[in-house]
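Student: Got a minute to go through this model with me? I'd like to talk about rings, cysteines and helix packing.
Tutor: Sure, let's pull it up.

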Amino acid sequence: MKIEIDTGSGFCFGVTTAIRKAEEELEKSDSLYCLGDIVHNGRECERLKKMGLITVEHSNLGSLHNTKMLLRAHGEPPKTYAMAEEQGIKLIDATCPVVLNLQKRIKADYDSDPQHQRQIVIYGKTGHAEVVGLVGQTDGHAIVIESLDDAKQLDFHRDIQLYSQTTKSLEGFRSIVGYISEHIVAPAQFHYFDTICRQVANRIPNIRTFAARHDLILFVCGKKSSNGKVLYGECLTVNPNTHLIDDPKEIDANWFQNVQSVGICGATSTPKWLMEDCRDVIANLV
């Protein structure tokens, strides 16, 4: 049986950089705090925990003083930086450059409109770490929409500035752009900014091609990964014989009966070593 790992799957640039910074710091010290899961993959988080990475949540920040803390690729709102400075926390900032640039654009847009006449709208998942950081650039004034139905509730008599979470789908973004363009009421103006990361967006056509050429697809992904849910859905659309797992222990030998070709792929938060572990488990089963 042929087993192939998708060469286009695995950590994106931002996640790779964050993990590298964590590993470099842990080589010099016994422990390091990280604000939130460094990556939405339980196995990778467990590996780094064994190295000394301690994950803390925003609710724990008040108890940290005079220590080091890593900010993951998703980015943080300004209040996190202010709180860290007050408490003597040295930050190791691993915010993805694409996210950082988006934060700066949204903040500049917000600051240029002191009366808040424009609606700053972010197409993204409410509560997602990146979105929380983006909304924070507007002191909480930005409007988050998750779907076309949410977009229909906007005030089309006021100016709209539309941005997107970097990992959202291009198709969803374009449908929202089309709807707002058709319904904006002059003299209100509509401007949109395609801020979707192409390193992520380009994985969709690639992973569809990959999924189509195998009898069975094993999609390896942490349950918290928004990007993973999108890519898994794309695989499932092309190949109904797609299985979602986040641990090699979940692999079922019964899946591989009469299967000649297996494809293993994953999200931008899926480490290569985990996909390789899955490959080895399948090889031993068959």
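Student: Which residues form the aromatic cluster with Tyr123?
Tutor: Phe173, Phe190 and Tyr192 join Tyr123 in one aromatic cluster. Keep in mind that this is a predicted model.

Student: How many aromatic pairs does a search of the whole structure find?
Tutor: Seven aromatic pairs turn up. One of them is Phe173 with Tyr192, with 6.3 Å between centres and 65° between planes.

Student: What geometry class is that Phe173 and Tyr192 pair?
Tutor: Edge-to-face.

Student: Where do Phe173 and Tyr192 sit in the chain?
Tutor: Phe173 is in helix H7, residues 170-183. Tyr192 is in strand E9, residues 190-192. They are 19 residues apart, so the pair links distant parts of the chain.

Student: Is Phe173 buried or exposed?
Tutor: Buried, at 2% relative accessibility. Tyr192 counts as partly exposed, at 44%.

Student: And how are Phe190 and Tyr192 arranged?
Tutor: Phe190 and Tyr192 form a tilted pair. The centres are 5.6 Å apart and the planes make 35°. Phe190 is buried, with a relative accessibility of 15%.

Student: Switching to cysteines. How many disulfides are there?
Tutor: Zero.

Student: Why is Cys12 not bonded to Cys96?
Tutor: The closest cysteine sulfur to that of Cys12 is the one in Cys96, and it is 6.2 Å away, too far for a bond. The cut-off for a disulfide is 2.5 Å between sulfurs.

Student: What is the nearest cysteine sulfur to Cys96, then?
Tutor: That of Cys197, at 6.1 Å. Cys96 is in no disulfide.

Student: Are Cys12 and Cys96 buried or exposed?
Tutor: Cys12 is buried, with a relative accessible area of 13%. Cys96 is buried as well, at 12% relative accessibility.

Student: Now helices. At what angle do H9 and H10 pack?
Tutor: At about 40°, with the axes 9 Å apart. H9 covers residues 203-212 and H10 covers residues 226-238. The angle makes H9 oblique to H10.

Student: Is the crossing of H9 and H10 left-handed or right-handed?
Tutor: Right-handed.

Student: Which residues make the contact?
Tutor: From H9, Arg203, Ile204, Ile207, Arg208, Ala211 and Ala212. From H10, Val230, Leu231, Glu234, Cys235, Thr237 and Val238.

Student: Thanks, that covers my list.

Technical notes. Residues numbered from 1 in each chain as written. Predicted model: local features only at pLDDT ≥ 70, side-chain atom pairs only at ≥ 80, totals over all residues. Heavy atoms only, no water. Buried < 20%, exposed > 50% of the residue type's maximum accessible area, 1.4 Å probe, protein only. Phe/Tyr/Trp six-rings, centres within 6.5 Å; stacked < 30°, edge-to-face > 60°. Helix = DSSP H or I, 4+ residues; strand = E, 2+ residues; numbered from the N terminus. Axes fitted to C-alpha atoms, helices over the stretch in contact; angles between N-to-C directions. Parallel < 35°, antiparallel > 145°, perpendicular 65-115°, else oblique. Left-handed = near helix turned anticlockwise from the far one by under 90°. Contact = heavy atoms within 4.5 Å.
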